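Visitor: Got a minute to walk me through this one? I'd like to go through it piece by piece.
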Amino acid sequence: MGCSKLIAGMFTMLLLAPAVLATDPDPLQDFCVADLDGMTVSVNGHPCKPMSEAGDDFLFSSKLAKAGNTSTPNGSAVTELDVAEWPGTNTLGVSMNRVDFAPGGTNPPHIHPRATEIGIVMKGELLVGILGSLDSGNKLYSRVVRAGETFLIPRGLMHFQFNVGKTEASMVVSFNSQNPGIVFVPLTLFGSNPPIPTPVLTKALRVEAGVVELLKSKFAGGS
């Protein structure tokens, strides 16, 4: 009887083995250039273009060479280089951003839900702030980071950058995800679609309804 159970168990494992080995956490080919229009296959990312159609431009990009327009409400401009902008990063788990700042400009408090971030200040000086979780007592870790210096932001922690200098500043950051995602805290709270009910925000922020409505008006239209 025991032998029969053993054989049955081994047979079950053999049946399950193909399913277990059907996926792999690492790339299985040199390149998988994203077919951004390919919607016939549902995957965690994008299907691959045939290499015969990929060319060789997917290995190079000049998108971050040019500064962004900092004439924005935040006084900053983010130039993204994720998989949507650089399809060659598909399945490789990497992407980059460039952020330019006018004097006094800020990259407001935000979160990258799918990536750790590492950055280098290319020009100027930036106050970089990282907010710990409740486990850390909501501690603010901050430092003025100058040209040539680097910083690290663990995945999922809220953070910001602020240009404390009198001249323009810029930084380049890298992520360990082809699509790190971003949640801008002010925009999410006050510019969501549909809006978060005002009573929820008045209770959470401990302010009057008029304050919440004023803040919502500043982010109307998701800007």
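Guide: Sure. Glycine 119 has phenylalanine 151, in strand 7, as its bridge partner. One caution before more: this is a predicted model.

Visitor: Noted. How many bridges join strand 4 to strand 7?
Guide: There are 4 bridges, and the two strands run antiparallel.

Visitor: What is the strand order in the open sheet?
Guide: The order is 1-2-9-4-7, 5 strands with antiparallel pairing. Strand 1 (76–81) and strand 7 (150–153) stand at the edges. Each has a single partner strand, so one side of each lacks a neighbour in the sheet. The twist averages 20° from one strand to the next.

Visitor: And the other edge, how is strand 1 joined to strand 2?
Guide: By 6 bridges, running antiparallel, with strand 2 covering residues 95–101. One of the pairings is serine 76 with phenylalanine 101 in strand 2.

Visitor: Back to strand 7. Which residues are on the covered face, and which on the uncovered one?
Guide: Phe151 and Ile153 make up the covered face. Thr150 and Leu152 are on the uncovered face. In a regular strand, side chains alternate between the two faces of the sheet.

Visitor: Switching topic. Which residues does the UniProt "binding site" annotation cover?
Guide: The UniProt record, an unreviewed entry, lists His110, His112, Glu117 and His159. These residues span 50 residues in sequence, yet no two of their C-alpha atoms are more than 12.1 Å apart, so they gather at one spot. From this set, His110, His112 and Glu117 are in the lining of the largest cavity.

Visitor: Glutamate 117: buried or exposed?
Guide: Buried, because its relative accessible area is 2%, against a cut-off of under 20%. Glutamate 117 is in strand 4.

Visitor: What does glutamate 117 touch?
Guide: Leaving out residues up to four places away in sequence, its contacts include His112 and His159, both from the annotated set. Phe151, Leu152 and Ile153 are also among them. So are Gln161, Val173, Ser174 and Phe175.

Visitor: Where does histidine 159 lie?
Guide: In strand 8. Histidine 159 is buried too, with a relative accessible area of 1%. With the same sequence neighbours left out, histidine 159 touches His110, His112 and Glu117, among others. Pro108, Pro109 and Ile111 are also contacts, as are Gly129, Ile130 and Ile153.

Visitor: Now charges. How many salt bridges are there?
Guide: The count comes to 4 salt bridges. One of them pairs glutamate 85 with lysine 63, with the closest N and O atoms 3.5 Å apart. Glutamate 85 lies in the loop between strand 1 and strand 2, and lysine 63 in the loop between helix 2 (51–54) and strand 1, so the pair ties together parts 22 residues apart in sequence.

Visitor: How accessible is glutamate 85?
Guide: Partly exposed, at 41% relative accessibility. Lysine 63 is partly exposed as well, at 35%.

Visitor: What does lysine 123 pair with?
Guide: Glutamate 168, at 3.9 Å, N to O. Lysine 123 is in strand 4 (residues 117–123) and glutamate 168 in the loop between strand 8 (158–163) and strand 9 (169–175), so this salt bridge ties together parts 45 residues apart in sequence. Lysine 123 counts as partly exposed at 41%, and glutamate 168 does at 45%.

Visitor: What about glutamate 125, which residue is its partner?
Guide: Arginine 146, with the closest N and O atoms 3.1 Å apart. Glutamate 125 is in strand 5 (residues 125–131) and arginine 146 in strand 6 (residues 140–146), 21 residues apart. Glutamate 125 is partly exposed at 26%. Arginine 146 is partly exposed at 43%.

Visitor: Last topic: backbone geometry. What is phi at threonine 91?
Guide: Positive, about 70°, although threonine 91 is not a glycine. Most residues other than glycine have a negative phi. Threonine 91 is in the loop between strand 1 and strand 2, and is partly exposed at 35% relative accessibility.

Visitor: And where is arginine 206?
Guide: In the loop between helix 4 and helix 5 (209–218). Arginine 206 also has a positive phi, near 60°. Arginine 206 is exposed, with a relative accessible area of 77%.

Visitor: Which residues does the cis peptide bond join?
Guide: Asparagine 193 and proline 194, with omega about 0°. Most peptide bonds are trans. Proline 194 is in the loop between helix 3 (185–190) and helix 4 (198–205).

Key: Residues numbered from 1 in each chain as written. Predicted model: local features only at pLDDT ≥ 70, side-chain atom pairs only at ≥ 80, totals over all residues. Heavy atoms only, no water. Pairing = 2+ DSSP bridges. Axes fitted to C-alpha atoms, helices over the stretch in contact; angles between N-to-C directions. Buried < 20%, exposed > 50% of the residue type's maximum accessible area, 1.4 Å probe, protein only. Salt bridge = Lys/Arg side-chain N within 4 Å of Asp/Glu carboxyl O. UniProt positions renumbered as here; feature names shortened; annotations may be inferred. 1 Å grid on protein atoms, 1.4 Å probe; cavity = no way out; pocket = protein on both sides within 12 Å on 5 of 7 lines; lining within 4 Å. Contact = heavy atoms within 4.5 Å.
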